[in-house]
Amino acid sequence: LYDRKKFHYWQLEARNKKVKNVLYLNSSSVIYGAETRLLDIIKNLDRSKFHPFVLLPHPGPLDDKLKKLGVTTMHLEYGFPLNKINKENTIRFLRLNKEFVQMVRRHDIDLIHANLHINMCNFWLGLLLLRLPVIVHMRSHFWISPFERCFISRTFKAICISRFVEREFLKKRRFNSLMDRRPEQTTILHDGIDINHFNPYSNRARIRKALNIRPDDFLVGIIGAVDKIKGQDLLIRAARIVNQKHPRAKYVIVGDLYHNAKCNTDYRDGLFKMVEEFGLKD
């Protein structure tokens, strides 16, 4: 994607520009875990050295949060699959990359940081033309096609949020001969968490009163998007076992669907059905 001899990271620092422009790519405009981490990254940027821009597929709640932080947001609809090659998709792909290149040059971007790898391949032509350093944040081992894996392996750096994600990314597969495998290409960087967000007793009484849960009930909660990879069904199965010995335990599942795809709505409906079948409705 770029000439490594010319674009090593230390050479970015050697430029005459005092402030480096960083473009963050995020494949969603709603706020889930990855978006929360993006907000944390931008909040803690040294603005005397880095000026952030964020590219989103469309307007959404994340826009409002970013604007409050004084961040310029831009929109390009890039959430379309490349696995179907036809005239319509080809025109869409070429138009997207043309607009992307123009946008990056207009804002004099120095570094591109993909907060999520999803749909990154849609920009491969533009990134090839721009020849800028690209960092990809690997936040999950799911949804990585062979093309995406080979594409990411040729970026400047792949940041993995855990050893497991790195191991899955580098795992030997039939198409690994197409990957550009460099020992220094992946870095494990655990997400930082602002623990000031978490005070376990600040809203205790209010939450329990709203949910009609007694003060002496043992409350278990799971917070996250309603999706099979999050494992809400495992919590319900565990609740069935635990409540045979500890009937005073209560459980709260907090979250919404990533999107209204049939697989997700079916999973959510299945959770309600499990709760009813296991006699856990109360």
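Both R37 and D40 are buried, and the two residues form a salt bridge in which the closest N and O atoms are 2.6 Å apart. This pair belongs to a predicted model, and its setting is helical: R37 and D40 both lie in helix α2 (residues 33-43), 3 residues apart, or about one turn of the helix. An α-helix has 3.6 residues a turn, so residues three or four places apart point the same way.

The protein chain as a whole contains 10 helices and 9 strands. Of its 282 residues, 43% count as buried. The accessible surface of the chain comes to about 17200 Å², and carbon and sulfur atoms account for 56% of this surface. When contacts between residues at least 6 apart in sequence are considered, 67% join residues at least 24 apart.

The structure holds 8 salt bridges in total, among them the pair in helix α2 described above. R214 forms another with D216, and here the closest N and O atoms are 3.9 Å apart. R214 counts as partly exposed because its relative accessibility is 44%, whereas D216, at 54%, counts as exposed. These two residues do not stand by themselves: R214, D216, D217 and R248 are linked in a network of salt bridges. A further salt bridge joins the side chains of R268 and D269, with an N to O distance of 4.0 Å. R268 is partly exposed, its relative accessible area being 30%, and D269 is likewise partly exposed, at 42% relative accessibility.

Turning to the interior, the largest nonpolar core has 34 residues, and those with the most contacts inside it are L23, L25, L55, F100, I112 and M138. Helix α4 (residues 87-106) gives the most to this core, contributing 6 residues. A second, separate core of 16 residues includes Y24, L38, L111 and F156. The surroundings of L23 can be described in detail. With its neighbours within four places in sequence left aside, L23 is in contact with F53, V54, L55, M74, F100, M103, V104, I109, L111, I112 and H113. L55, F100 and I112 thus appear among the contacts of L23 and also among the residues with the most contacts inside the largest core. L111, another contact of L23, is included in the second core.

Strand β1 (residues 20-25) contains K20. K20 is buried, since its relative accessible area is 7% and buried means under 20%. K20 and R47 are 27 residues apart in sequence, and their C-alpha atoms are 9.2 Å apart in space.

Nonpolar side chains also occur at the surface. W124, L128 and F147 make a nonpolar surface patch of about 280 Å². Of these residues, L128 lies in helix α5 (residues 124-130), and its relative accessibility of 41% is the reason that L128 counts as partly exposed.

Helix α9 (residues 232-245) was examined for its length and packing. At 1.5 Å a residue, its 14 residues should span 20 Å; the end C-alpha atoms are 21 Å apart, which agrees with that expectation. The buried residues of α9 are Q232, D233, L235, I236, A239 and N243. These buried residues pack against β8 (218-223), β9 (249-254) and α10 (262-277).

Backbone geometry is notable at two loop positions. Most residues other than glycine have a negative phi. D108, however, has a phi near 50 degrees, a positive value in a residue other than glycine. D108 is found in the loop between α4 and β4 (111-114) and is partly exposed, with a relative accessible area of 41%. N212 also has a positive phi, near 60 degrees. The position of N212 is in the loop between α8 (204-210) and β8. With a relative accessible area of 71%, N212 is exposed, because the exposed class begins over 50%.

Terms used: Residues are numbered from 1 along each chain as its sequence is written. This is a predicted model: local features need pLDDT of at least 70, side-chain atom pairs count only at pLDDT 80 or more; totals for chains, interfaces and linings use all residues. Side-chain values use heavy atoms; hydrogens and water are left out. Helices (H or I, at least four residues) and strands (E, at least two) are DSSP runs, numbered from the N terminus. Buried means under 20% relative accessible area, exposed over 50%, partly exposed in between (1.4 Å probe, protein chains only). A nonpolar core is a set of buried Ala, Val, Leu, Ile, Met, Phe, Trp, Tyr and Cys residues joined through side-chain atoms within 4.5 Å. Contact means heavy atoms within 4.5 Å. Patches are made of residues with over 30% relative accessible area and no salt bridge: like charges are joined within 9 Å, nonpolar side chains (Val, Leu, Ile, Met, Phe, Trp, Tyr) within 5 Å. Accessible areas come from the Shrake-Rupley method with a 1.4 Å probe; for residues, only the protein chains shown count as cover. The expected span of a helix is 1.5 Å times one less than its number of residues.
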